[in-house]
Amino acid sequence: MPRMKVMDAVVKILESEGVDHVFGIPGAAILPFYDALRNSSRIRHLTVRHEEGATHAADGWARANGRVGVAVGTSGPAGTNMITGLYTCQADSIPMICITGQAQRAVLHKEAFQAVDIVDIARPVTKWAVQVKEAAQMPWIFRRAFQVAREGRPGPVLIDLPLDVQLAEIEYDPAIDEPLPVPRAAPSRKRIRRAVEMLMDAERPIIVAGGGVILSDASEELTALAEYLQIPVSPTLMARGAIPHDHPLFAGTVGIQTQQKYANEIFLESDCVLAVGARFGDRHTGALDVYRGARTFIHVDVEPTQIGKVFEPDLGIVADAKLALAELLAVACDMTPRREPGPWTARVAALRRVLRRRTDFDAVPIKPHRVFREIDEAFGRDTIFVTAIGLYQIFSGQFQKIYKPRHYLVCGQAGPLGWEVSACTGVKLAKPDQLVVGVVGDYSFQFMIEEVAVAAQYRVPFVLVMLNNVNLGLIRQAELRYDMEYAIDLAYDAGGGDETGVDHVKVMEAMGGHGRRVTRPEDIRPAIDWAVKTSEETRVPVLVEIMTERRANAAMGTSIDNIREFEPMEQHEAIEGGVMANAG
Ligand SMILES: Cc1ncc(C[n+]2csc(CCOP(=O)(O)OP(=O)(O)O)c2C)c(N)n1
């Protein structure tokens, strides 16, 4: 066996696992790893300005290409700065590995400089957190980490490397070392048959496709099954693009925040739900009694402990989404001829047609609805969108049209403000030929503002569309739900009493990017076109800052049947003859 520095072996393992970008910032306790990385011809390192940014960039990279993202930091505060990113990946089932440096083994119990027990801190927000105590274990622990990150329900792993272990040498032959297998869980044939029977017995079945469908690249299988049995498909927020927005069986997203009204109506009329790779998140279900109703539920998930976690389904199936959907189709083909569209699909189409909301507002300050109309018209079907949390994300979820899987990337469960700039950086590096657009709020942008400098330095171009309402829109909206007067004061306070707040255009320019501010609706489209062109030409991030109304109200509620409309007449298209008359 050849003998080599253990960190050289680690770099070879990263290369063979498909890693071509890592995001991090060095410190004394991780220098041997950086020394080895310098010799790699295949891996490019981007020096971030904050380790949280490294985790979000690795996360975005992984979401866009389906591989395992890698973030690196030194000991002590570098690792603690990564916790939010680990939690975000755990929440959304994203495979990522964080590598942290650590003080030497001999001083770990002596309160040494920057020696913190990062493994214990990270444990609740990772699938596996481990410190490598023996150099000879290093290749095996790294191989296992990639396997753990990818197998079953994907998620993050943290590997902590004491400095003296990083300096050791081991026997390692890259020629005979390869990734450990990651088998996909196949479904039970008996359960699949039962599921098909339930779907065939139902009069108004619906498929709820969750993020697991995207993660297992199962969109084709999903669409094929839906078309064969003529079942409408409702993608969750995490599965937007699993079926194209303009597919005849597209039924919109169910929920109490990022929903379409027609999707909730369709769901409420359904009698049998096939949920695949979905975890029944609370922003999706709202009040469970209404969500469940008298419907029967079939729950397919790759992780057995997910089944029954939120409520007891009528049938559970443990399987990878892709294999389950393929098997459901195979069994359906055995049991019944291909179905034609019928009254249920006609009803779905009618609800989709009539329950539309207005977006053609000309008001100044600009209404968010209008911003999303411009976004939908300006960007093509191949655009990859990235968004985090805030009222802007909720409007995005309600209005944006998405056509392809892995083209709507949202940190749905954890929702850390500041995610977008770094995530856009990772996404663009994973998909260099595609246009990447971050939809951001002014506060979310300000959370990780410094990461614009990273994208500008490494010439990573993307477009940011900001809805600047100079306050914490989502927090102010809470006042409407909970009757909390102080939420208004707090949210307005956040703007510093200023009408325009921070000058984000100047911020972009200071960081090496570009920007333009827009105050009138008719100027949005030219500004977006300018931003796309400028980002392509200059290879840096470009911002379109859109000044929106400060008191925008999104349609939200607590239950899928009580979405409150604060501006009902204004927000809905006037449908001749009334909604229900036309919907029949
Ligand atoms: C790290 C973090 N801190 C706090 C929050 C709580 N939070 C959710 S939305 C929001 C307001 C965001 O403001 P902005 O980005 O301007 O978007 P808006 O809601 O105004 O559209 C806050 C503070 C969060 N999600 N993440």
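## The five-stranded sheet

Start with Ala209: in this predicted model, Ala209 sits opposite Val276, a residue of strand E11. The two strands involved here are E9, covering residues 205–209, and E11, covering residues 272–276. They pair in the parallel sense, and five bridges hold the pairing.

Zoom out a little and you'll find E9 and E11 inside an open sheet of five strands. Reading across it, the order is E10-E9-E11-E12-E13, and the pairing is parallel. At the edges are E10 (233–235) and E13 (315–318), and each of these pairs on one side only. If you ignore direction, neighbouring strands in this sheet are turned by 15° against each other on average.

## An odd backbone angle after E11

Now follow the chain to the loop between E11 and helix H13 (282–285), which is where Phe280 is placed. Phe280 isn't a glycine, yet its phi is positive, at about 55°.

## The six-stranded sheet

There's another open sheet to look at, this one with six strands. Its order is E15-E14-E16-E17-E19-E18, again with parallel pairing. Which strands stand at the edges? They are E15 (408–410) and E18 (514–518). Each has a single partner strand, so one side of each is left without a neighbour in the sheet. On average, and with direction ignored, neighbouring strands here are turned by 20° against each other.

Within this sheet, take a look at E16 (residues 436–441) and E17 (residues 463–468): they run parallel and are joined by five bridges. To see the pairing at the level of residues, find Val440, which stands opposite Met466 in E17.

## Helices on the sheet

What packs against these strands? Helix H17 (residues 368–378) is one of the helices to check: it packs on the sheet and touches E14 (384–387), E16, E17 and E19 (542–547). The direction of H17 makes about 165° with that of E17. Helix H19 (residues 419–430) lies across E14, E15, E16 and E17, and it runs at about 155° to E14.

Just before H17 there's a loop worth a look. Pro365 is found in the loop between helix H16 (343–354) and H17. The peptide bond joining Val364 and Pro365 is cis, with an omega of about -5°.

## Around the ligand

Next, the ligand. How many residues surround it? The count is 18, and the closest are Leu391, Asp442, Ser444, Gly473 and Leu474. Sorted by class, the shell has 10 nonpolar residues, seven polar ones and one charged one.

Some of the neighbours line up N or O atoms with oxygen atoms of the ligand. A polar backbone atom of Leu391 is 2.8 Å from a ligand oxygen. For Ser444, a backbone N or O atom likewise lies 2.8 Å from an oxygen atom of the ligand. With Asn469 the side chain is involved: one of its N or O atoms is 2.9 Å from a ligand oxygen.

How much of the ligand does the protein bury? On its own the ligand exposes 590 Å², and the protein buries 78% of that. The elements giving two or more residues to the shell are helix H18 (391–399), helix H20 (442–447) and helix H22 (473–482). H20 provides the largest share, with four residues.

Conventions:
Residues are numbered from 1 along each chain as its sequence is written. This is a predicted model: local features need pLDDT of at least 70, side-chain atom pairs count only at pLDDT 80 or more; totals for chains, interfaces and linings use all residues. Side-chain values use heavy atoms; hydrogens and water are left out. A residue is near a molecule or strand if one of its heavy atoms lies within 4 Å of it. A polar contact is a pair of N or O atoms within 3.5 Å; within protein, one must be able to donate a hydrogen and the other to accept it, and residues adjacent in sequence count only if both atoms are side-chain atoms. Accessible areas come from the Shrake-Rupley method with a 1.4 Å probe; for residues, only the protein chains shown count as cover. Ala, Val, Leu, Ile, Met, Phe, Trp, Tyr, Cys and Pro count as nonpolar, Asp, Glu, Lys and Arg as charged, and the others, Gly among them, as polar. Two strands pair if DSSP finds at least two bridges between them. Axes are lines fitted to C-alpha atoms, for helices over the stretch in contact, and angles run from 0 to 180 degrees between N-to-C directions. Contact means heavy atoms within 4.5 Å.
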